[in-house]
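Here is a structure to read with a few short questions. Look at it first, then work through the answers.

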Amino acid sequence: MSSRPSVRETIAAARARLAQEQARSKSVRGGAEDERQAFVGSGIPGVKKSALAQRRQTDVEILGHAQKSIKSLIANAKGSGTMNLSSRDLTEVPLEIWNMYHVDPDKIVVDFNSSGSAWYDAVDLTRFIAADNKITFIDARIQEFGALVTVDLRNNELTSLPEEFSQLGRLASLNISSNKFSELPPVLFSLNTLMDLQLGNNQLSGRLDSAMGQLTKLESLDLSGNQLTELPGELEQLKAIRKLNLSKNKLQSLPASVLARMPKLNELEISHNQLFCLFDGVGDIAGGDEAFVLPSLTRLDARNSGIENIADMDVKISLPAVKEILLGQNNLSNLGQLLLGTPQLYMLDIRANKFTGLPFGVLDLAELRNFDMASNRMEQIPTELGSMIDLTTFVWEGNPIRNVPRSTTTTDALMKLLRQRQELDFPTAVDTARVEALAVSSPSATSPATSRSMTPIQHGPTASRSASMSARTAATPPTNVSPKQPAQNLNLTKKALKEVSLNEILEACTAPQVAVLDFNAFTTFPKALEEAAAMTLNKISIRHNKITEFPFTLSFPFLVTLDISDNAITTLGSATDESGALDRFPNLNELNLTANRLTELPIWLPKAFPNLKTLNASRNKIVVLEPKSLEGLVSVDLSGNEIATLPPLLGNVRSIKTLSLDNNLFRVPRRQIMDQGTEAVMEYLRGRIPV
């Protein structure tokens, strides 16, 4: 007679049955972790063998699940063109993968009524991803995937690539970063279709292989995280390069001669190196009136690289498109002439250097929004900084500042303090202040920015006393004043003006040839300018205001150059405005409409500006391009718009010699044609004109 089970035994048996049911349920569901574990423990060639952890499935279930996993991967790859083997603990690619396109002729069955996938439905493999494994070599059978466009083998243990890699005639992107390459595999230089090459975090050292210059189609090259000490001059052959990452190496020189021959270079990462000079050898390629130019660079990161000088000679440096310059954690005490050639600079980081004052030219950076000067040696923050009305973030902590209270900790509070001090240093009479605001530059000055930049900034009590004395002198006009002499330039920059009267202009300047009204708050073009100087002005600059309409109601018969960029103009007028626009600007030769809100260019534009040769309408919202609107122009910049198609008839506008169309929406012509220049683009368009 058997005894009845105890309560404890009954509970234990119930728990065991529940655990078995859960195990069976999980086996049916599968999941990413079950698939990976089954793949690892299957015993299939190429899968790393390791001690099996305790499992709820039987060995038969595990093996069957792994085989199903491989078959599923292959089936998906044949349908999508992408094979993804990432994060599977592989030491090599399984044989079944290499043989995925092999078909046994004895087993071929043609059944067009079948709903399943068939061998004749398979697409070519274009993407092969085996990242984050422990793969030590790539089989020569990689050549069987000749349609590959992208290969991602990052974070493995590769030391070489097979020669058969050269058979990948369509390969555009190769990522072999975070492997164990101590030298570049020779087959790499035969991949002349490569556009993106990632070689970061390997074991490359010494001088970079000069054969790298053979990859002339490269647009992105990452060599970061190696031990490179020198760059070959052959890199100058990479004329299509847009992004170059050389950070975290041991480079001691960055040859300016190489960079100068990379006209499309957009991003340059050179941080964490051992540079003494940022641009080495500029004296050999620039000097006098000739500048060292990187025309397309928008971002420069050279932090923590031991830099003491920007260039080896004091020459002009022009970075006209740069938005970010990061030079923190270096040994800089000045920036030379760097900031004089960065009109678009938005962010400047020079923290943890040796600056004792603001760098030369920084006060003229109208686009600057973020400025980091933390942990330098500056003792005084000059009141002139308060004039930078668009500066939103200024970091000065870690400096031995003496003229700002410790309670002032935010940018807004600092700027308010500096502006209050400026008001104390200038006359309080409204009329006198307005007249003094209309400052007239000397006839010899080339531009307001240059005039201001060449004026040294004084700091400390001496500067404050000097400013106060000048203000008091200006506030008390002498009894006998001779009439103001005619001047060539009228400068109203950064005065927060919303309007200006005829009397104010005439008081400040008689018959000006150049008028500069940049960085104010005008919402309409000032009519007083026409009344005061319509017959003498040949150049007007009214950038960075809030003007919404083009001044076709005004007339400037001798105006040659008009810069009305960075405003809010949405249209140049409708077709009904054509007659009213004629004869208003008969001699206008150069028109800058950059960074407005234009959606189109009117077809009557050539009639309104019969002598216009240069038009810059970049960074607008132009969608449709009408060839007639560009007739007679020689240089046209329409980059950064939303142009969806290029009309073939544009090719018949044969006056155009320079045409910039980067960063638009159209896909035809292809980039290969665009890279060949204006003539190639125009010839291509002419070839598409219907007969």
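**Reading the fold**

Q: Among contacts between residues at least 6 apart in sequence, what share joins residues at least 24 apart?
A: This is a predicted model. Take the contacts in the chain between residues at least 6 apart in sequence. Those joining residues at least 24 apart make up 50%.

Q: How many helices and strands does the chain have?
A: Count the secondary structure of the chain. The total comes to 15 helices and 27 strands.

Q: What percentage of the chain is buried?
A: The chain has 691 residues. Buried means under 20% relative accessible area. The buried share is 44%.

Q: Which residues have the most contacts inside the largest nonpolar core?
A: Nonpolar side chains tend to be buried together in soluble globular proteins. Here the largest nonpolar core has 108 residues. Elements that each supply at least two of its residues include α3 (59-80), β11 (277-279) and α6 (411-424). The residues with the most contacts inside this core are Phe 128, Phe 165, Leu 174, Met 212 and Phe 279.

Q: How many residues are in the second, separate core?
A: This core is separate from the largest one. Its members include Leu 492, Phe 552, Leu 659 and Leu 661. Its size is 61 residues.

Q: Which residues does Phe 279 contact, leaving aside neighbours within four places in sequence?
A: Contact means heavy atoms within 4.5 Å. With the sequence neighbours set aside, the contacts of Phe 279 are Leu 254, Ala 256, Leu 259, Phe 292, Leu 294, Leu 300, Ile 310, Ala 311, Asp 312 and Ile 317.

Q: What span should α6 have, and how far apart are its end C-alpha atoms?
A: Helix α6 has 14 residues. At 1.5 Å a residue, the expected span is 20 Å. The end C-alpha atoms agree with this, at a distance of 20 Å.

Q: Why do the buried residues of α6 line one face of the helix?
A: The buried residues of α6 are Thr 411, Leu 414, Met 415, Leu 417, Leu 418 and Gln 422. Seen down the helix axis, they line one face because they fall within an arc of 160 degrees. On the other side, Asp 412, Lys 416, Glu 423 and Leu 424 are exposed. So the reason is the arc of 160 degrees.

Q: Which strand do the buried residues of α6 pack against?
A: Look at the buried residues of α6. They pack against β19 (393-395).

Q: Is Pro 382 buried or exposed?
A: Pro 382 lies in the loop between β18 (370-372) and β19. Its relative accessible area is 5%. The cut-off for buried is under 20%, so Pro 382 is buried.

Q: How far apart in space are Pro 382 and Gly 357, C-alpha to C-alpha?
A: In sequence, Pro 382 and Gly 357 are 25 residues apart. In space, their C-alpha atoms are apart by 8.5 Å.

Q: How many disulfides are counted?
A: A disulfide is a covalent bond between the sulfur atoms of two cysteines. Cys 277 is buried at 8% relative accessibility. Cys 509 is buried too, at 1%. A pair counts when its sulfur atoms are within 2.5 Å, and the number of disulfides is zero.

Q: Which elements help cover the buried residues of α15?
A: In α15 (residues 678-687), the buried residues are Thr 678, Ala 680, Val 681, Met 682 and Leu 685. Their cover includes β27 (658-660) and α14 (671-674).

Terms used:
Residues numbered from 1 in each chain as written. Predicted model: local features only at pLDDT ≥ 70, side-chain atom pairs only at ≥ 80, totals over all residues. Heavy atoms only, no water. Core = buried A, V, L, I, M, F, W, Y, C linked by side-chain atoms within 4.5 Å. Buried < 20%, exposed > 50% of the residue type's maximum accessible area, 1.4 Å probe, protein only. Helix = DSSP H or I, 4+ residues; strand = E, 2+ residues; numbered from the N terminus. Expected span 1.5 Å × (residues − 1). Arc of directions from axis to C-beta.
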